[in-house]
Amino acid sequence: MSSILTSSTPLRPGSTLGIVGGGQLGRMIALAAANYGLKVHVFAPEADSPAFDVSAARTIAAYDDVAALTRFAASVDVVTYEFENIPAAAAEALAAKAPLHPNASALATTQDRLTEKTFITGLGIETAPFRAVDTAEDLTRALAEIGRPAVLKTRRFGYDGKGQRMIRAEGDLDAAAILAEFGGAPCILEGFVPFEAEVSVVAARGIDGSFAAYEPCANEHRNHILAVTRVPAPGLAPQTEAAALGMARRIAEALDYVGVLAVEMFLVPQADGPARVVVNEIAPRVHNSGHWTIEGAVTSQFAQHVRAVSGWPLGGTARTGGLAVTMHNLIGAEADDWSRLLAEGGAHLHLYGKGEARPGRKMGHVTRLLPNV
């Protein structure tokens with residue numbers, strides 16, 4: 001099917017979108033695609049993947065099963081993905097059979113924290129100070145250069161606070177013992193950023209180079225997991241907002257990116273002016289902090305992603321009716337409150353179809369639109 005298309009050929013309704021990954025992000029992409037008359041084929045290793053519930057076709061196979069990936073890509077018109085930890089060989093196998101958006105280079109850049117931060121600073125955009133750490137000697141030297149407190153992270157595969165450890169200013173330092181906690185995985189040490197708020201910019205870039213961004217949203221984390229997103233971001237100065245949007249655009253263009261991405265940022269207070277923007281990391285996909293857009297924006301981030309990877313015009317990003325928006329994640333047993341939330345006027349409930357409500361597991365979210373006072 002995909003052999004008749006090039007990466008710049010717009011899809012037609014009735015075409016098939018392939019999604020690698022079957023979690024809640026894939027599920028919401030699939031729902032958005034259905035509204036545009038597209039069919040969806042999901043590739044995931046777990047038989048109970050939430051996205052399978054809303055897809056026309058499924059492939060259950062490992063992400064390193066090149067033969068299965070090749071068959072999957074040959075059966076669809078374009079491929080996208082809902083998470084960034086796809087093996088490089090898998091991305092290459094997919095791109096050989098169908099247009100892959102975002103591209104394999106963007107994936108490789110953003111799935112390694114050291115590569116990603118080197119890329120960002122190469123654009124002249126500020127990040128936390130960082131050093132590569134592979135040995136205890138590396139860690140000791142990096143801490144001497146960066147100082148404490150600092151955060152030691154695995155270079156790959158960490159999310160929601162996993163794969164990282166705070167190294168505080170006080171106390172004795174046993175570099176070998178700290179590094180042993182990471183089991184020999186390559187790491188990166190990042191200096192602590194004295195931020196006043198965390199924001200993210202969710203944006204999209206089309207195949208034709210068009211760009212559209214949602215206004216920055218403020219994010220509140222609990223136990224390293226996103227708990228609440230607020231739009232507009234409280235107290236955000238116009239100059240700071242313009243700087244954040246400009247950074248997101250420069251990053252997307254430098255990656256030759258197609259699709260939706262999120263750029264997570266710290267706002268650092270300044271004595272003589274508006275907050276300074278420091279980029280934390282890039283998520284090369286639709287993002288939890290963009291869930292508010294389903295009801296809260298003219299075009300949801302999921303519909304926007306479908307438009308971008310399909311070669312279609314990007315949609316509007318303004319807030320619906322100019323209303324303020326809050327999005328609360330339902331984590332673990334919080335989703336058991338679904339009945340009360342359904343009875344709450346104005347609450348928009350989304351449940352992800354996951355079976356077990358484990359602590360720390362994102363089970364759904366609820367969005368509320370409020371007067372912008």
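**Three sites in the predicted model: L351, H305 and D65**

At 39% relative accessibility, L351 is classed as partly exposed, because that class covers residues that are neither under 20%, the limit for buried, nor over 50%, the limit for exposed. The structure is a predicted model, and within it L351 belongs to strand β16, which covers residues 347-351. On the surface, L351 joins W338 and L342 in a nonpolar patch, and together these residues contribute about 310 Å² of accessible area.

A contrasting environment is found at H305, a residue of helix α10, which spans residues 301-309. H305 has a relative accessibility of 0% and is therefore counted as buried. The side chain of H305 is joined to that of T80 by a polar contact of 2.7 Å. When neighbours within four places in sequence are set aside, the residues in contact with H305 are I29, T80, P102, G259, V260 and V286, so that T80 appears both in this set of contacts and as the polar partner of the H305 side chain.

The third site is D65, which is located in the loop that runs between strand β3 (57-60) and helix α2 (66-74). With a relative accessibility of 29%, D65 is counted as partly exposed, as is L351 at 39%. A polar atom of the D65 side chain lies 3.0 Å from the backbone nitrogen of A68, a residue whose number falls within the range of helix α2 (66-74). Although D65 and A90 are 25 residues apart along the chain, their C-alpha atoms are separated by 7.7 Å.

How values were computed: Residues are numbered from 1 along each chain as its sequence is written. This is a predicted model: local features need pLDDT of at least 70, side-chain atom pairs count only at pLDDT 80 or more; totals for chains, interfaces and linings use all residues. Side-chain values use heavy atoms; hydrogens and water are left out. Patches are made of residues with over 30% relative accessible area and no salt bridge: like charges are joined within 9 Å, nonpolar side chains (Val, Leu, Ile, Met, Phe, Trp, Tyr) within 5 Å. Accessible areas come from the Shrake-Rupley method with a 1.4 Å probe; for residues, only the protein chains shown count as cover. A salt bridge is a side-chain nitrogen of Lys or Arg within 4 Å of a carboxyl oxygen of Asp or Glu. Helices (H or I, at least four residues) and strands (E, at least two) are DSSP runs, numbered from the N terminus. Buried means under 20% relative accessible area, exposed over 50%, partly exposed in between (1.4 Å probe, protein chains only). A polar contact is a pair of N or O atoms within 3.5 Å; within protein, one must be able to donate a hydrogen and the other to accept it, and residues adjacent in sequence count only if both atoms are side-chain atoms. Contact means heavy atoms within 4.5 Å.
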